[in-house]
Amino acid sequence: MLIPRQRIKIALRLWMPVLMLRIVVAHTPGPIHPHAIIILPNKAGTEVLVCYEDEGVYIDTYGRITKDTVLQWGEMPTSVAYLQSNQVMGWGEKAIELRSANTGNLEGVFMHKKAQKLKFLCERNDKVFFASVQSGGSSQIYFMTLGQNSLFSW
């Protein structure tokens, strides 16, 4: 898949010790929903994954696109997080997707019984904690256990 260069223009400035990223999206109707900027640790901080809407783009510290692949979620996630297993997890209203942080390839999917908004909270050891976001102030906290080969259960 080719990167939609006419749709996104990325400018990146590095000011020590803060990494400042400015994303300007052109030719896109309606608001943009940013999810995460993931600094890829195996690239020594020289490559990041910028997640917005239902896709992610790999760029370097100069704002240049580094891969001709676009991470494409099955649905627009309500939350995205980098995991210690070098994977990216996205929480959609109907499914939770687990993808490789390096390639964006789908490595697992977990379907919800009912549509709901979920938000990432934290990762601790082999568990990923997240919560349901409900109107009226009530919510529920869940966790998934990541096992061998990052297969997960909750």
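**View 1. Strands β12 and β13 run antiparallel and are joined by 5 bridges.** The model is predicted. Strand β13 covers residues 141-146. Strand β12 spans residues 127-133. One register point is Val128, whose bridge partner in β13 is Met144. Strands of a sheet pair through backbone hydrogen bonds, in either a parallel or an antiparallel sense. Here the sense is antiparallel.

**View 2. Strands β11 and β12 pair in the antiparallel sense over 7 bridges.** Strand β11 covers residues 117-124. Phe120 stands opposite Phe130 of β12. The two strands form a hairpin with 2 residues between them. In this hairpin, Asn125 takes a positive phi near 55 degrees. Strand β12 is thus shown with two partners, β11 and β13.

**View 3. Ser132 is a buried residue of strand β12.** Its relative accessibility is 2%. The cut-off for buried is under 20%, so Ser132 qualifies at 2%. Beyond its neighbours within four places in sequence, Ser132 contacts Gln116, Lys117 and Leu118. On the later side of the sequence, Ser132 also contacts Ser139, Gln140 and Tyr142. Tyr142 falls within the 141-146 range of β13.

**View 4. Gln116 sits in the loop between β10 and β11.** Strand β10 covers residues 106-111, and β11 starts at residue 117. Despite the loop setting, Gln116 counts as buried, at 14% relative accessibility. Buried means under 20%, so the value of 14% places Gln116 in that class. Setting aside residues up to four places away in sequence, Gln116 touches Gly92 and Glu93. Gln116 also touches Ser132 and Tyr142. The pair Gln116 and Ser132 appears again in the contacts of Ser132. Tyr142 is likewise in contact with Ser132.

**View 5. Leu106, Val109 and Met111 make a nonpolar surface patch of about 300 Å².** Val109 is placed in strand β10. Met111 lies in β10 as well. Met111 is exposed, with a relative accessible area of 54%. Val109 counts as partly exposed, at 48% relative accessibility. The cut-off for exposed is over 50%, so Met111 passes at 54%, while Val109 falls short at 48%. The C-alpha atoms of Val109 and Gly74 are separated by 9.7 Å. Along the chain, Val109 and Gly74 are 35 residues apart.

**View 6. An open sheet of 4 strands has the order β3-β4-β5-β6.** The pairing is antiparallel. Strands β3 (34-39) and β6 (65-72) stand at the edges. Each edge strand has a single partner strand, so one side of each is left without a neighbour in the sheet. From one strand to the next, the twist averages 15 degrees.

**View 7. Strand β4 is paired with β3 through 5 bridges and with β5 through 6 bridges.** Both pairings are antiparallel: β3 with β4, and β4 with β5. Strand β4 covers residues 47-52, and β5 covers residues 55-60. Val48 ties the three strands together in this view. On one side, Val48 is the bridge partner of Ile39. On the other, Val48 stands opposite Ile59 in β5. Strands β4 and β5 form a hairpin with 2 residues between them. In the turn, Glu53 has a positive phi of about 50 degrees.

**View 8. Strand β4 is covered on both faces.** Glu47, Leu49 and Cys51 lie on one side, and these residues are buried. Val48, Val50 and Tyr52 lie on the other side, also buried. With 6 of its 6 residues buried, β4 is therefore largely enclosed by the rest of the structure.

**View 9. The whole chain holds 14 strands and 0 helices.** Read along the sequence, the pattern is β-β-β-β-β-β-β-β-β-β-β-β-β-β. The protein chain has 154 residues, and buried residues make up 39% of them. The accessible surface comes to about 9100 Å². Carbon and sulfur atoms account for 55% of that surface. Among contacts between residues at least 6 apart in sequence, 31% join residues at least 24 apart.

Conventions
Residues are numbered from 1 along each chain as its sequence is written. This is a predicted model: local features need pLDDT of at least 70, side-chain atom pairs count only at pLDDT 80 or more; totals for chains, interfaces and linings use all residues. Side-chain values use heavy atoms; hydrogens and water are left out. Buried means under 20% relative accessible area, exposed over 50%, partly exposed in between (1.4 Å probe, protein chains only). Contact means heavy atoms within 4.5 Å. Accessible areas come from the Shrake-Rupley method with a 1.4 Å probe; for residues, only the protein chains shown count as cover. Two strands pair if DSSP finds at least two bridges between them. Axes are lines fitted to C-alpha atoms, for helices over the stretch in contact, and angles run from 0 to 180 degrees between N-to-C directions. Patches are made of residues with over 30% relative accessible area and no salt bridge: like charges are joined within 9 Å, nonpolar side chains (Val, Leu, Ile, Met, Phe, Trp, Tyr) within 5 Å. A salt bridge is a side-chain nitrogen of Lys or Arg within 4 Å of a carboxyl oxygen of Asp or Glu.
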